[in-house]
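Visitor: Got a minute to walk me through this one? I'd like to hear about the spots where things can sit.

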Amino acid sequence: MEWTPEAEAAVKNVPFFVRKKVKAAIEKEAADAGKSRITPAEVEATRKRFLAGRDEEITGFQVEICFGPSGCLNRAHPGDRLVKAIEVLLKEADLRAFLESCVKGPLKYHHQFRVALAECPNACSQPQIKDIGIIGACRPQVTREDCTLCQACVSACREDAVRLDDTEEKPAIDFTRCLSCGKCIAVCPTGTLASGETGFRVQLGGKLGRHPHLAVELPGIYTEAQVLRIVSDCMALYKEKSRRGERFGEVLSDEDLNRLVEKHAGKNNS
Ligand code: SF4
Ligand code: SF4
Ligand code: SF4
């Protein structure tokens, strides 16, 4: 699709974090109309349609998952089923109605409650800056199978969490460094390293904006059912404490976090 310099200049006014999406929408609309060239008129037409439909599109929540389910080789634990269940739960929570009752003026995208799931610690969907962030986890365990001391697990670990020196018969995992990515398990030819706990790490209260901060991680690895219960409790907490549609991280206190940790102790608290 050809873009005139004027159209390129017009689209530069769009904030950079949505520019790619907006350009794709403009090109799609132009192609649907049988056009092969984008001028400022196409940019303006899409802008008007985008703004007109925007309010209806705001559901009150946004749930996203990384590209793991498309076949990413880094997946530590699949999260597509969990994401669907979270969508149902948030829909039932009717966050749009809640936000309409407490936000002054029209609802905007940044008011929405955000959940992101990444299927490995590479965190492509940026769970650390979402209201609830979820990361697929596969924790290694050392089995009774003989180790050939091939060092493949040591090389595979980017966290320097696999310890194996000449005097040892098997590796040891330093769980203070391990991110449960499962890479060491995948390369072990003997089964000496195998999957231990699998599930999800959960992080709460991340945000960007004027006062950004990263989400705080609850200790341990959680099952799908546990994550759903945590999301449900977070919903109740958010609705109770957010008076003006503030982001979850702004209203979540240390006491709230401690209560959540106590109530939902992960399989492997660490
Ligand atoms: S977060 Fe991990 S599994 Fe998901 S797309 Fe990124 S690298 Fe792949
Ligand atoms: S699971 Fe990942 S981070 Fe943990 S020891 Fe294995 S390779 Fe290292
Ligand atoms: S645990 Fe597996 S990958 Fe690691 S050194 Fe032993 S045989 Fe090799």
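Guide: Sure, with one bit of bookkeeping up front: in the class counts, Asp, Glu, Lys and Arg are charged, Ala, Val, Leu, Ile, Met, Phe, Trp, Tyr, Cys and Pro are nonpolar, and the others, Gly among them, are polar. Also, this is a predicted model.

Visitor: OK, how does the shell around ligand 1 split by class?

Guide: That shell has seven nonpolar, three polar and two charged residues.

Visitor: Which residues are they?

Guide: Around ligand 1 you'll find Cys66, Phe67, Gly68, Cys72, Asn74, Arg75, Ala118, Glu119, Cys120, Asn122, Ala123 and Cys124.

Visitor: And what's around ligand 2?

Guide: Among the residues there are Cys157, Cys178, Cys181 and Cys184, along with Glu159 and Lys183. By class, the shell around ligand 2 comes to eight nonpolar, two polar and two charged.

Visitor: Switching topic: how many cavities of 30 Å³ or more turn up?

Guide: One, from a search of the whole structure. Its volume is about 70 Å³.

Visitor: What lines that cavity?

Guide: The lining includes Cys147, Cys150, Cys153 and Cys188, plus Pro171 and Pro189. Nine of the lining residues are nonpolar and three are polar, with no charged ones.

Visitor: What about the second largest pocket, how much space is in there?

Guide: About 360 Å³. It has 16 lining residues, and the closest to its centre are His110, Lys207, Glu246, Arg247 and Glu250.

Visitor: And the class split for that lining?

Guide: Eight charged, five polar and three nonpolar.

Terms used:
Residues are numbered from 1 along each chain as its sequence is written. Chains are lettered from A and ligands numbered from 1 in the order in which they are written. This is a predicted model: local features need pLDDT of at least 70, side-chain atom pairs count only at pLDDT 80 or more; totals for chains, interfaces and linings use all residues. Side-chain values use heavy atoms; hydrogens and water are left out. On a 1 Å grid over the protein atoms alone, a cavity is a set of points where a 1.4 Å probe fits but cannot get out, and a pocket is an open set with protein on both sides within 12 Å along at least five of seven lines; lining residues have an atom within 4 Å of a point. Grid points are joined across faces, edges and corners, and a volume is the space filled by probe spheres set on the points. A residue is near a molecule or strand if one of its heavy atoms lies within 4 Å of it.
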